[in-house]
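Trainee: Please give me a close look at a single part of this model. Then set its features beside those of other parts.

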Amino acid sequence: MGEYCFVIGNGSEIDGYVEDITEKLGEDHVDIFDPNKEKSLREFSREFNTVVGLGDLEDYEKDLKDISGDRFVITERKIGGIPSLDYKENIIDTLYKNILNVDEVYRANELMEKIDDYETLGVVIHDSPDPDAISSGLALQYLAEQKDTEVDIMYSGSINHQENKALINSFDLDLKRVEVDKKEEDGSTIYDTVTENGAISLDDYDGIALLDTSFTNTKIMSAYPDKYVDIVIDHHEGWEDLNESLVGFKDIRTERGAVASMMTDYFRTLNIEPGEVIATSMAHGILTDTLDFDPNSREFSTRDLENLAFLYDYIDKSSLEEIKKTTISLQTADILARAINNRQIEGTNIYAYLGKVEDTDAIPQATDYLKKLEGISTSITYGLVEDRIRLSARNSDIKINIGKELERVFENGRSYGDFNCSAGGSSRKGGATIPLEAMGMIGEAIKDGSDLEQYESAIKSTIETMLNKIGAS
Ligand SMILES: [Mn+2]
């Protein structure tokens, strides 16, 4: 978290909302400029990395201009795409997102500056590494290459799982397996760290990084009890009692599903394209650590889903399929990516059009995935299956019976002509099938043999009009 200074001008539409944002950012990180107390905004803002200006800032124009040379300045004016100034929640969210983006840029730059300091970097991942650990190592290695820093990836234990072996073999990855030998000599314990090619010492590297592991999850670090670690990127618990003086750069986010996803953040923020191998293995890492985004798995966030969708553009689908012969099919992953990319959020509702879908099982799966996003209580996705729209809904808003709502909106909404539309379900789950014939002009055109693709946006807006009626009786 960065440090934020708020300056409130006259007539801010968001004046008074500062408390809400402050709460989200953490009170310790936020200060509000008081023109009656402080000399100038310029002086006051020195110790903050981000200045957030709200309302009419005419009086501060000159100061803000000076500040913006070396720090981030966010003002209401700079925030595009606020859906409507009537919605306090939207404004706060938009501001908050902008502020978080700033944090991300700082963090990414800090990491790259750090890497730039070293000619060699030893990267330690957890014992018996899994796809998340391995791919995160690869990702850091790739980022380090941009700074001509040489990286060795090291692990202890063994790589057993078929999937992990396949990952290493199919990409010809070079990881160093390190064994820790412990012996007693003259009353003290001596550790040796060795590879199959002989002794190796972390002390020989200019910098050390720990990825996807805390100190206790790697045997290697037990040989270096008080070693300073230059970079830590992890999502495990166990950092609470960290001795801060032993760690340099630190990015620990326990709410994230996979370190591979945190690494994807860096690629996105720094605008570095991941190569095919990196992207494929990171996608694999994200899917494995979240058990394909199973709600019963560890915690994960919206950003993890978005990152998978981002990686999907770069991956080699056939090799991912080969490595990952588990439950999620590639078609499902593709549909999931579409759901994430096409999502539209209206308050606590989320909708996504999935385009043409062959595997109809993928539609409810996509609905389930979207339903998991933060702040969402009703999720609806729909796709084009042959000559009809198949729609699936999930709901946890107790004010709405989604089955009944779908029935009301679609079955009784025959304003598009005479058609056989079926819809229904329970309060939590629902579905609908809408023949394209039901859609008036679109139906006519399609019956005439026109290409479906060109009607997609019309289909989408028709369905959206219907969806907007949900909950509004
Ligand atoms: Mn992990």
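Mentor: Start with the term you will need: two strands pair if DSSP finds at least two bridges between them. Keep in mind that this is a predicted model.

The part to look at is an open sheet of three strands, in the order 8-9-10. Its pairing is antiparallel. Strand 8 covers residues 179-185 and strand 10 covers 198-199, and both stand at the edges. Each has a single partner strand, so one side of each lacks a neighbour in the sheet. Strands of a sheet pair through backbone hydrogen bonds, either parallel or antiparallel.

Take the two pairings in turn. Strand 8 and strand 9 pair over seven bridges, in the antiparallel sense. One position to find is K183, whose bridge partner in strand 9 is I190. Strand 9 spans residues 188-195, and two bridges join it to strand 10, again antiparallel. Two bridges satisfy the requirement of at least two, so this counts as a pair. Here V194 has A199 of strand 10 as its bridge partner.

Now the turns. Strand 8 and strand 9 form a hairpin with two residues between them. A hairpin through two residues also joins strand 9 to strand 10. Stop at D186, which sits in the loop between strand 8 and strand 9. Its phi is positive, near 50°, and D186 is not a glycine. Most residues other than glycine have a negative phi. Is D186 buried or exposed? Only 12 or fewer other C-beta atoms within 10 Å may be present for a residue to count as exposed. D186 has 5 other C-beta atoms within 10 Å, so it is exposed.

Compare that with D212. This residue has a positive phi of about 55°, and it is not a glycine. D212 lies in the loop between strand 11 (207-211) and helix 7 (219-222). Buried means 20 or more other C-beta atoms within 10 Å. D212 has 28, so it is buried. A positive phi also turns up after helix 9, at L291, near 50°.

Helix 9 itself deserves a moment. It runs over residues 276-289, 14 residues in total. Its span is 20 Å from first C-alpha to last, close to the 20 Å expected at 1.5 Å a residue. Of its 14 residues, 13 are buried, so helix 9 is largely enclosed by the rest of the structure.

Set the small sheet against another sheet. That one is open too, with six strands in the order 14-15-16-17-19-18, and its pairing is mixed. Strand 14 (344-346) and strand 18 (422-425) are its edge strands, each pairing on one side only. From one strand to the next, the twist averages 15°. At one edge, strand 18 meets strand 19 (residues 429-435) through four bridges, and the two run antiparallel. S422 stands opposite T433 there.

Helices pack on this sheet. Helix 14 (residues 402-411) lies across strand 16 (378-385), strand 17 (388-395), strand 18 and strand 19. Helix 14 runs at about 165° to strand 18. Helix 16 (residues 456-467) touches strand 15 (349-356), strand 16 and strand 17. The direction of helix 16 makes about 155° with that of strand 15.

Finish with helix against helix. The axes of helix 5 (residues 131-145) and helix 8 (residues 259-270) come within 8 Å and cross at roughly 20°. Angles under 35 degrees count as roughly parallel, so helix 5 and helix 8 are roughly parallel to each other. Their crossing is left-handed. D132, S135, S136, A139, L140 and L143 of helix 5 make the contact with V259, A260, M263 and Y266 of helix 8. Residues three or four places apart point the same way, because an α-helix has 3.6 residues a turn.

Helix 8 has another partner to inspect. It packs with helix 10 (residues 302-312) at an angle of about 60°, the axes being 9 Å apart. Helix 8 passes helix 10 in a left-handed crossing. S261, T264, D265 and R268 of helix 8 meet R303, D304, N307, F310 and L311 of helix 10.

Terms used:
Residues are numbered from 1 along each chain as its sequence is written. This is a predicted model: local features need pLDDT of at least 70, side-chain atom pairs count only at pLDDT 80 or more; totals for chains, interfaces and linings use all residues. The expected span of a helix is 1.5 Å times one less than its number of residues. Axes are lines fitted to C-alpha atoms, for helices over the stretch in contact, and angles run from 0 to 180 degrees between N-to-C directions. Angles under 35 degrees count as roughly parallel, over 145 as roughly antiparallel, 65 to 115 as roughly perpendicular and the rest as oblique. A crossing is left-handed if the near helix is turned anticlockwise from the far one by less than a right angle, and right-handed if clockwise. Two residues are in contact if their C-beta atoms, placed from the backbone, lie within 7 Å.
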